[in-house]
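Student: I would like to go through this structure with you. Can we start with the rings and then turn to the ligand?
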Amino acid sequence: MSFVEYGDTIQEGDTAIVFLGHESMFPVKVQHGSKTQTKTQILYSTDISLITMMLELKPGSIVCESGTGSGSLSHAIIRTVAPTGHLYTVEFHQQRAEKAMEEFREHKVEHLVTVKNQDVCKNGFGVSNMADAVFLDIPSPWEAIGHAKSALKVEGGRFCSFSPCIEQVQRTCLALEEHGFTEINTLEILLRVYNVRTISLQIPDLGKAAEDNSNPGFDSSNQANQGVMCGSQQQGTAQFKSGVPLREMVGHTGYLTFATKSLS
Ligand SMILES: C[S@@+](CC[C@H](N)C(=O)[O-])C[C@H]1O[C@@H](n2cnc3c(N)ncnc32)[C@H](O)[C@@H]1O
């Protein structure tokens with residue numbers, strides 16, 4: 001008889017399944033010190049709108065960001081802070097940093113942005129006490145909180161970190177508290193999709209007397225009322241539009257943790 005071995009913890013050399021979703025999972029061989037990079041995820045306008053509002057960004061704002069990734073958020077920030085503001089964006093993946101610089105040049109916004117190819121957790125943003133806002137979209141934001149604090153202006157600078165997992169949020173909130181940040185809030189923004197369709201309902205035949213007495217406030221000569229009943233009375237049906245929310249909301253992108261730098 002042959003046995004199947006199971007362990008309580010993952011060991012060196014084991015095969016682990018990286019599960020990103022039902023349509024995206026793959027095996028990796030576990031090796032000490034090695035890293036698995038997934039495809040760069042970009043931020044979309046729903047999250048971007050909340051980030052821009054909560055960071056109080058406006059023309060003239062100075063903003064620090066890491067990582068740059070595909071530059072989706074960077075472009076939105078640049079559009080918001082132009083023509084007098086500036087974005088300092090830090091990306092440790094060399095090709096991504098170079099590609100972002102190339103795109104900023106192509107889009108003629110290079111005068112509004114500085115790209116730095118370095119590790120934000122080790123080297124920070126390269127600016128001190130001048131940023132109105134700092135934004136982090138990296139796997140371990142808690143390691144960069146000290147650098148975020150140094151980059152922000154002395155008082156009132158706003159901070160935001162985007163993380164897909166709640167465990168990352170917990171560590172980030174603890175680090176924010178340790179560094180004296182206040183107004184720490186985590187928000188999630190979800191788009192609720194409605195299925196809009198036309199519904200037909202049979203009009204019950206309640207007889208002549210019921211028809212005369214019912215709905216005394218209903219004026220059938222009113223154009224709006226005629227529109228609601230439009231074309232359906234002859235067939236004995238009423239048609240109307242109905243919006244039904246879908247039962248499953250698959251909209252989770254990440255949690256947005258906001259905070260304010262206060263005078264300590
Ligand atoms: C999810 S992507 C950012 C996407 C970006 N917000 C957008 O909208 O396109 C994360 C990026 O952070 C970079 N990154 C991760 N850790 C970093 C670190 N410690 N310093 C600098 N960049 C880092 C990764 O190389 C990756 O390109």
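Tutor: Start with the rule: rings of Phe, Tyr and Trp pair if their centres lie within 6.5 Å. In this predicted model, the count by that rule comes to one aromatic pair.

Student: What makes Phe159 and Phe181 an aromatic pair?
Tutor: Their centres are 5.8 Å apart. The limit is 6.5 Å, so they pair.

Student: Why is the pair called tilted?
Tutor: The angle between the planes is 55°. Stacked needs under 30 degrees and edge-to-face needs over 60, so the pair is tilted.

Student: Which parts of the chain does the pair link?
Tutor: Distant ones, 22 residues apart. Phe159 is in strand 7 (residues 158-163). Phe181 is in the loop between helix 6 (166-178) and strand 8 (182-187).

Student: Now the ligand. What makes the approach of Asp137 a polar contact?
Tutor: A polar side-chain atom of Asp137 lies 2.9 Å from a ligand nitrogen. The cut-off for N or O pairs is 3.5 Å, so this is a polar contact.

Student: How do you know that Arg96 and Phe92 make polar contacts too?
Tutor: By the same 3.5 Å limit. An N or O atom in the Arg96 side chain is 2.8 Å from a ligand oxygen. Phe92 uses a backbone N or O atom, 3.1 Å from a ligand nitrogen. Both values are within the limit, so both count.

Student: How much of the ligand does the protein cover?
Tutor: It covers 92% of the 600 Å² of accessible area that the ligand has on its own.

Student: Which residues come nearest to the ligand?
Tutor: Glu91, Arg96, Asp119, Val120 and Asp137, of 24 around the ligand.

Key. Residues are numbered from 1 along each chain as its sequence is written. This is a predicted model: local features need pLDDT of at least 70, side-chain atom pairs count only at pLDDT 80 or more; totals for chains, interfaces and linings use all residues. Side-chain values use heavy atoms; hydrogens and water are left out. A residue is near a molecule or strand if one of its heavy atoms lies within 4 Å of it. A polar contact is a pair of N or O atoms within 3.5 Å; within protein, one must be able to donate a hydrogen and the other to accept it, and residues adjacent in sequence count only if both atoms are side-chain atoms. Accessible areas come from the Shrake-Rupley method with a 1.4 Å probe; for residues, only the protein chains shown count as cover. Rings of Phe, Tyr and Trp (its six-membered ring) pair if their centres lie within 6.5 Å; planes under 30 degrees apart count as stacked, over 60 as edge-to-face and the rest as tilted. Helices (H or I, at least four residues) and strands (E, at least two) are DSSP runs, numbered from the N terminus.
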